[in-house]
Amino acid sequence: MTIQARFPTGRPLIGILGTLEAAPSPRIVLGARYADAVLKAGGLPLAIPPVGGPSDIDRLLERLDGVVFPGGDDFDTARLGIGPTHPKATPVPREKQDFDLALAHAVIVGGIPALGICYGMQLLGLAEGGRLHQHLPENRPGSQEHSGGVVHSVRLESASKLVRILGAGEVQVVSRHHQALSRVEPPWRVCGLDAEGLIEAIERDDHPFAIGVQWHPELAPEGSAHDRLFRALVGAAAMRGRRTTVEQATTAARGA
């Protein structure tokens with residue numbers, strides 16, 4: 001089946017938030033695995049540079065059908081007002097953190113399909129009042145390490161969107177992180193936990209598609225259930241794109 005047959009208006013445009021590397025040679029970087037995953041799922045990936053203000057974000061989102069918030073470094077929690085930043089944290093540049101939070105708010109309010117991965121999941125939760133474990137396993141003594149590409153299982157909530165997407169109540173995942181959400185605020189809800197009760201997935205029931213996973217689905221073998229996450233995002237983005245096209249056509253017709 002061709003992309004045009006699946007999506008008559010063409011490939012949905014999926015923005016992927018870039019990483020900002022600081023001085024001495026500032027540059028914007030995008031992991032190729034995220035772009036490849038979006039492309040294979042039927043979307044057209046577009047790098048989002050984490051620069052600009054609210055009006056720039058609004059104009060950007062007028063052109064996007066969906067957004068991926070990928071993995072990254074750590075949060076400056078002092079800047080967030082949720083406690084001193086851990087000495088072992090590697091915070092992203094403050095201008096990126098501010099942009100990322102503004103983009104997350106705008107995506108959520110705008111009903112734009114969004115997938116948060118690792119840092120991206122934490123970002124979605126923090127953007128609406130969540131809290132953070134700043135350094136694992138220090139914040140949960142005796143718990144499993146999650147850095148360095150650890151493979152472990154995650155249990156999914158049976159009534160969740162995520163379990164319907166992945167088609168199983170338990171999945172094997174690849175983790176590469178030392179920070180994690182300690183809690184989220186409604187309307188976000190936890191829909192996946194590891195064997196030790198660490199939050200591994202969140203979603204919103206009141207949003208067309210807003211899902212965050214702590215693991216890295218782009219690192220899973222091609223053809224695994226994790227591919228369905230990107231296909232589900234692209235599918236939701238395609239539906240939004242079609243609705244937008246109809247709304248634009250209707251508005252133009254009324255003005256004719």
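Helices (H or I, at least four residues) and strands (E, at least two) are DSSP runs, numbered from the N terminus. This is a predicted model: local features need pLDDT of at least 70, side-chain atom pairs count only at pLDDT 80 or more, and totals for chains, interfaces and linings use all residues. Residues are numbered from 1 along each chain as its sequence is written, and side-chain values use heavy atoms, with hydrogens and water left out.

**Stop 1: Asp-76**

Select Asp-76, in the loop between S5 and H4. Asp-76 is buried (under 20% relative accessible area; exposed is over 50%, partly exposed in between; 1.4 Å probe, protein chains only). Asp-76 has no salt bridge (a side-chain nitrogen of Lys or Arg within 4 Å of a carboxyl oxygen of Asp or Glu). Which side chain of opposite charge is nearest to Asp-76? Arg-94, at 4.7 Å. For charge, Lys and Arg count as positive and Asp and Glu as negative; His and the chain ends are not counted.

Now show the backbone of Ala-78. Its nitrogen lies 3.3 Å from a polar atom of the Asp-76 side chain.

**Stop 2: Phe-75 and Tyr-119**

Select Phe-75 and Tyr-119. The structure holds 1 aromatic pair (ring centres of Phe, Tyr or Trp, taking the six-membered ring of Trp, within 6.5 Å). Phe-75 and Tyr-119 form that pair, 4.4 Å centre to centre with 5 degrees between the planes. The pair is stacked; planes under 30 degrees apart count as stacked, over 60 as edge-to-face and the rest as tilted. Phe-75 is in the loop between strand S5 (66-69) and helix H4 (77-80), and Tyr-119 is in helix H6, 44 residues apart. Phe-75 is buried at 0% relative accessible area. Tyr-119 is buried too, at 2%.

Extend the selection to H6. How many residues of H6 are buried? The count is 8 of the 8, so H6 is largely enclosed by the rest of the structure. Among them are Met-121, Gln-122 and Leu-126.

**Stop 3: strand S12 and its neighbours**

Select S12 (residues 199-204). Here 6 of the 6 residues are buried, so this strand is also largely enclosed by the rest of the structure.

Add S11 (residues 188-194). S11 and S12 run antiparallel, joined by 5 bridges; two strands pair if DSSP finds at least two bridges between them. Val-190 stands opposite Ile-202. The two strands form a hairpin with 4 residues between them. In the turn, find Gly-197, which has a positive phi of about 85 degrees.

Next add S13 (residues 210-213). S12 and S13 pair in the antiparallel sense over 3 bridges. Glu-203 stands opposite Ile-211. A hairpin through 5 residues joins S12 to S13.

**Stop 4: Arg-204**

Select Arg-204 with Glu-128 and Trp-188. Arg-204 forms a salt bridge with Glu-128, with the closest N and O atoms 2.4 Å apart. Arg-204 lies in S12 and Glu-128 in the loop between helix H6 (119-126) and strand S7 (131-133), so the pair ties together parts that are 76 residues apart in sequence. Is Arg-204 buried or exposed? Arg-204 counts as buried, at 7% relative accessibility. Glu-128 is partly exposed, at 25%.

Turn to the ring of Trp-188. The charged end of Arg-204 sits over that ring, 5.8 Å from its centre. A charge sits over a ring if NZ of Lys or CZ of Arg is within 6 Å of the ring centre and within 35 degrees of the ring normal.

**Stop 5: other salt bridges**

The whole structure has 11 salt bridges. Select Glu-157 and Arg-189, whose closest N and O atoms are 3.0 Å apart in a salt bridge. Glu-157 is in the loop between strand S8 (150-156) and helix H7 (161-166), Arg-189 in strand S11, 32 residues apart. Glu-157 is partly exposed, at 29% relative accessible area. Arg-189 is partly exposed, at 22%. Add Glu-203 and Asp-205: salt bridges that share partners join these two with Glu-157 and Arg-189 into one network.

Then select Glu-222 and Lys-40. Their salt bridge has its closest N and O atoms 3.4 Å apart. Glu-222 is in the loop between S13 and helix H8 (227-255), Lys-40 in helix H2 (residues 32-40), 182 residues apart. Both Glu-222 and Lys-40 are exposed.

**Last stop: Leu-13**

Select Leu-13, in strand S1 (residues 13-17). Leu-13 is partly exposed, with a relative accessible area of 22%. Add Val-234. Leu-13 and Val-234 are 221 residues apart in sequence and 8.5 Å apart in space, C-alpha to C-alpha.

Terms used:
Polar contact = N/O pair within 3.5 Å; in protein donor to acceptor, adjacent residues only side chain to side chain.
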